[in-house]
Amino acid sequence: MIGEAMDAEHQPSAIELVDVVKRFGTAQILNGVSLTVPPGEITVLLGPSGAGKTVTINHVVGLLRPNKGKVLVEGRDLAMLTDEELYAVRRRMAVVLQGTLPFTCGLFYSLNVYDNVAYALRERTRMSAEEIQRVALEHLDLVGLRDRAELMPDQLSAGMSKRVAIARALALDARIVIIDDFDSGIDGVRLALLVELLEDVQRRSGATFLVSTHDMSAARQLADHIAVIHEGRIVVSGDAQSVLESDEPLVRQLISGGVAGPLQLRNV
């Protein structure tokens, strides 16, 4: 038992950002982000719109490279990898991108809902055609969209597109699942149901989840760990309970929904 505890203590982080700085022209978006995502648990990146959540996620996926700092996935510095090695790292991830038109949640607009889910399985697994059909429809059923399998992405609402992308990600049974802008376009009831679904899938699979959101109720229910980001910096991070009980002014404001605090209209 002691040996197991020591192994857990020395187990590398699934994802780690070390003092990451990112600039676009003269605008500095990330101002020294340091983030640790423990393996086999759910980490929520929580913060208001424009705080730097998506830019942080894009660094983890390797879509962006920092001007300064390091991004490590399973101990590997992404900046040191060849394109082929980076592709191999990405294949161990399942990613739901931010739901921004015209590439909503990373769906292929030339494929219908079913084929968007099935395509990932065809590319990333050795399943038979029958097994791909079973798994794809099963996961569309989990997100309540089996009856929309023949629709094209441009026939879906933003929330439906997000749910298709989540079905596709979960169907891959990946070691690392990343969901950006989790709550975007999803109503409160369906969001609560999706939270329950993610919790169940994570507990059964033991995968590492990194989920970004600005919804406090989703974060409270979903997270094992929380990192709160504001103006391109992580202002507090740790196990979910300690963060939610912290005296950090931004956390208190997000919890209360009040107008008094560091978050104002000028910096939204």
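The lining of the second largest pocket divides into nine nonpolar, two polar and three charged residues, where Ala, Val, Leu, Ile, Met, Phe, Trp, Tyr, Cys and Pro count as nonpolar, Asp, Glu, Lys and Arg as charged, and the others, Gly among them, as polar. The structure is a predicted model, in which local features need pLDDT of at least 70 and side-chain atom pairs count only at pLDDT 80 or more, while totals for chains, interfaces and linings use all residues. Residues are numbered from 1 along each chain as its sequence is written, and side-chain values use heavy atoms, with hydrogens and water left out.

Of the 14 residues that line the second largest pocket, His139, Leu170, Asp173, Val201 and Arg204 lie nearest its centre. Its space amounts to about 210 Å³. Helices α5 (129-142), α6 and α7 (188-205) each supply at least two residues of this lining. Pockets and cavities were located on a 1 Å grid over the protein atoms alone: a cavity is a set of points where a 1.4 Å probe fits but cannot get out, a pocket is an open set with protein on both sides within 12 Å along at least five of seven lines, and lining residues have an atom within 4 Å of a point. Grid points are joined across faces, edges and corners, and a volume is the space filled by probe spheres set on the points.

The largest pocket has a volume of about 620 Å³. Its lining comprises 20 residues, with Arg90, Val95, Phe108, Arg124 and Arg168 nearest the centre. At least two lining residues come from each of α3 (83-90), β6 (93-96), α4 (113-124) and α6 (158-171), and α4 provides the largest share, four residues. By class, 14 of the lining residues are nonpolar, one is polar and five are charged.

Two cavities of 30 Å³ or more are counted. The largest cavity holds about 70 Å³ of space and is lined by His59, Gly62, Leu64, Arg65, Pro66, Val71, Leu78, Ala79 and Leu86. Six of these residues are nonpolar, two polar and one charged.

The largest nonpolar core (buried Ala, Val, Leu, Ile, Met, Phe, Trp, Tyr and Cys residues joined through side-chain atoms within 4.5 Å) contains 60 residues, of which Ile166, Phe182, Phe209, Ile226 and Val228 touch the most other members. Helix α6 gives the most to this core, with eight residues. A second, separate core of 27 residues includes Leu45, Val61, Met93 and Ile176. Beyond four places away in sequence, the contacts of Phe209 (heavy atoms within 4.5 Å) include Val37, Ile42, Leu170, Val177, Leu198 and Val201.

Positive phi values occur at two residues other than glycine: Asp19, near 50 degrees, and Asp173, near 55 degrees. Asp19 lies in strand β1 (residues 15-24) and counts as partly exposed because its relative accessibility is 31%, whereas Asp173, in the loop between α6 and β7 (176-179), is exposed at 60%. Here buried means under 20% relative accessible area, exposed over 50%, and partly exposed in between (1.4 Å probe, protein chains only).

The chain has ten helices and ten strands, assigned as DSSP runs numbered from the N terminus (helices H or I, at least four residues; strands E, at least two). Buried residues make up 47% of its 268 residues. Among contacts between residues at least 6 apart in sequence, 64% join residues at least 24 apart. The C-alpha trace spans about 50 × 45 × 45 Å along its principal axes.
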